[in-house]
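Work through the exercises below with the sequence and the model at hand. Each task is followed by a solution in steps.

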Amino acid sequence: IEAIRRQNTESFRETYRTVDVLLVDDVQFIAGKEFTQEEFFHTFNALHSSGAQIVLSSDRPPRAMATLEERLRSRFEWGLIVDIQPPDLETRVAILQQKAADRGVALPPEVSFFVARQFQSNVRELEGALNRIVAVASLTGRPITPELAQEALGDVMAPVSQPADPMAVLEAVAAFYGLTLEELTGRSRRQAVAHPRQVACYLLRQEAGLSLPQIGQWLGGRDHSTVLHACERIAELVEKDGSVYREVQAIRERLCQQPGTRSSAGTEKRPRRVSSRR
């Protein structure tokens, strides 16, 4: 942007087309930006031809970037695509222990597990929580205990998410697709009904925490294998199809707006995708 504003794009090109390694975070944001995609296309080709390493990260796979040019999409798919999930509990505990050790702080295991259970999405949150705990312990002269950790993090810990009401889920899905509850839970196999019904299965599983047989009962007595197929199908489409992802997120937002309904829609983060090409 700065190069364009100063009409100095040639300098920009020379800088980025001669590097050994190019790292680009959140590359999905260039989708829909015609001039940016044009420049990036030629930069990508120049670096690839010279044997440079290109590492891109995004919150969705290339196929789910709806307004990304096909020539860029195909190039992004040349490399190794890795799905980076949030760290599991044991990894989060190990990260906290290492961060504490780097600072010369003795962090009791029970505190590590307490913090790791509270902050699950990324390492920055863990490090921020550790900083607060260490600061409170230092300022008050108290040892680091689970009680101190809870006190230090009381205003930043997310409240426990309650499962959404199953009827609220069905009503939100029906309203979004312009269906009645009878149509959604009925026997019609028309695509205009079948797809919303699969989305309902997925959200009843994800947001209401129902078992497969329970979901089947809420949707007119369907068997668990049908429900399982629906859940797996929508889970796959959420990853690969940007339009389905947006549909699901929009319904989750409806759930958040309904009185008395608790949903995780507002804080959900999609798995990070990294594509590496040499």
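**Exercise 1. Helix H13**

List which residues of H13 are buried, and check the length of the helix.

Solution. Step 1: this is a predicted model, and in it the buried residues of H13 are Val227, Ala230, Cys231, Ile234, Leu237, Val238 and Glu239. Step 2: H13 has 17 residues, which at 1.5 Å a residue should span 24 Å. Step 3: the C-alpha atoms at the ends of H13 are 24 Å apart, so the expected span and the model agree.

**Exercise 2. Alanine 230**

Find where alanine 230 lies and which residues it touches.

Solution. Step 1: alanine 230 belongs to helix H13, residues 224–240. Step 2: its relative accessible area is 3%; buried means under 20%, so alanine 230 is buried. Step 3: leaving out residues up to four places away in sequence, alanine 230 touches Gln198 and Cys201. Step 4: between alanine 230 and valine 199 there are 7.4 Å in space, C-alpha to C-alpha, while in sequence they are 31 residues apart.

**Exercise 3. Two cysteines**

Decide whether the sulfur atoms of cysteine 201 and cysteine 231 are close enough for a bond or too far.

Solution. Step 1: a disulfide is a covalent bond between the sulfur atoms of two cysteines. Step 2: the cysteine sulfur closest to that of cysteine 201 is in cysteine 231, at 5.4 Å. Step 3: the cut-off for a disulfide is 2.5 Å, so 5.4 Å is too far for a bond. Step 4: starting from cysteine 231 leads back to cysteine 201, again at 5.4 Å. Step 5: the structure holds 0 disulfides. Step 6: both cysteines are buried, cysteine 201 with a relative accessible area of 4% and cysteine 231 at 10% relative accessibility.

**Exercise 4. The two sides of H7**

Compare the expected span of helix H7 with the model, then sort its residues into buried and exposed.

Solution. Step 1: H7 runs over residues 123–140, and its 18 residues should span 26 Å at 1.5 Å a residue. The end C-alpha atoms are 26 Å apart, which agrees. Step 2: Leu126, Ala129, Leu130, Ile133, Val134 and Ala137 are buried in H7. Step 3: these buried residues cover an arc of only 130° around the axis, so they are on the same side of H7. Step 4: the spacing fits a general rule: an α-helix has 3.6 residues a turn, so residues three or four places apart point the same way. Step 5: Arg124, Ser138 and Leu139, on the other side of H7, are exposed. Step 6: the buried residues of H7 pack against helix H5 (89–102), helix H6 (109–118) and helix H8 (146–153). Step 7: after H7 comes glycine 141, with a positive phi near 70°.

**Exercise 5. Helix H8**

Find which residues of H8 are buried and what covers them.

Solution. Step 1: the buried residues here are Leu148, Ala149, Ala152 and Leu153. Step 2: their arc around the axis is only 120°, which puts them on the same side of H8. Step 3: the cover over the buried residues of H8 includes H6 and H7.

**Exercise 6. Aspartate 26 and glutamine 37**

Say where each residue is found and whether it is buried or partly exposed.

Solution. Step 1: aspartate 26 is in the loop between strand E1 (21–24) and H3. Step 2: with a relative accessible area of 26%, aspartate 26 is partly exposed. Step 3: most residues other than glycine have a negative phi. Aspartate 26 is not a glycine, yet its phi is positive, about 55°. Step 4: glutamine 37 is found in helix H3, residues 34–50. Step 5: glutamine 37 is buried, at a relative accessible area of 2%. Step 6: beyond four places in sequence, glutamine 37 touches Ile30, Ala31, Gly32, Thr67, Leu68, Glu69 and Leu72.

**Exercise 7. The whole chain**

Describe the secondary structure, burial and confidence of the chain.

Solution. Step 1: the chain has 14 helices and 4 strands. Step 2: of its 278 residues, 40% are buried. Step 3: the mean pLDDT is 85, and 88% of the residues reach 70 or more. Step 4: over residues 261–274, pLDDT stays under 50.

How values were computed: Residues numbered from 1 in each chain as written. Predicted model: local features only at pLDDT ≥ 70, side-chain atom pairs only at ≥ 80, totals over all residues. Heavy atoms only, no water. Expected span 1.5 Å × (residues − 1). Buried < 20%, exposed > 50% of the residue type's maximum accessible area, 1.4 Å probe, protein only. Arc of directions from axis to C-beta. Contact = heavy atoms within 4.5 Å. pLDDT = per-residue confidence, 0-100.
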